Amino acid sequence: MTRPGPPVGGSFPARPGPPVGARPGPPLDLGDDEARHPAVDAAVRAIANAATLAPADQIAQYEAAYETLRETLATIDQT
């Protein structure tokens, strides 16, 4: 039994983006204000908002959030 290969011509159909007018959901309950960090909160919101972006833009948003989280955690570890 053989598996089907890629489509003829080597390209796949475009992935659909979010529906027009899509909005992010309600804010996440992030718990105790004393334990929160503004940079982490911003990164979490950016990740949640990425769902409304085109896939290529989502990747950039996730990478930026990852960098923010990595840098923030590194500074927390140093204190």
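Here are three short exercises on a predicted model of a protein.

**Exercise 1: Get an overview**

Work out how many helices and strands the protein has, and what percentage of its residues is buried.

*Solution.* Start with the helices and strands: you'll find two helices and zero strands. Next, turn to burial. Of the 79 residues in the protein, 9% are buried. Finish with the surface: the protein exposes about 6800 Å², and 59% of that comes from carbon and sulfur atoms.

**Exercise 2: Check the span of helix H1**

Compare the expected span of helix H1 (residues 38–49) with how far apart its end C-alpha atoms are.

*Solution.* Begin by counting: helix H1 has 12 residues. The expected span is 1.5 Å times one less than that number of residues, so H1 should span 16 Å. Now look at the model, where the end C-alpha atoms of H1 are 16 Å apart. The two values agree.

**Exercise 3: Follow Ala43**

Decide whether Ala43 is buried or exposed, then find what lies around it.

*Solution.* First, locate the residue: Ala43 sits in helix H1. Second, check its relative accessible area, which is 4%. The cut-off for buried is under 20%, so Ala43 counts as buried. Asp41 and Ala46 are buried in H1 too.

Third, ask what does the covering. For the buried residues of H1, the cover includes helix H2 (55–78). Now zoom in on Ala43 itself: setting aside neighbours within four places in sequence, Ala43 is in contact with Ala65, Thr68 and Leu69.

Last, try a distance. Ala43 and Glu67 are 24 residues apart along the chain, and their C-alpha atoms are separated by 9.1 Å.

Technical notes. Residues numbered from 1 in each chain as written. Predicted model: local features only at pLDDT ≥ 70, side-chain atom pairs only at ≥ 80, totals over all residues. Heavy atoms only, no water. Helix = DSSP H or I, 4+ residues; strand = E, 2+ residues; numbered from the N terminus. Buried < 20%, exposed > 50% of the residue type's maximum accessible area, 1.4 Å probe, protein only. Contact = heavy atoms within 4.5 Å. Areas by Shrake-Rupley, 256 points an atom, 1.4 Å probe, with all protein chains shown as cover.
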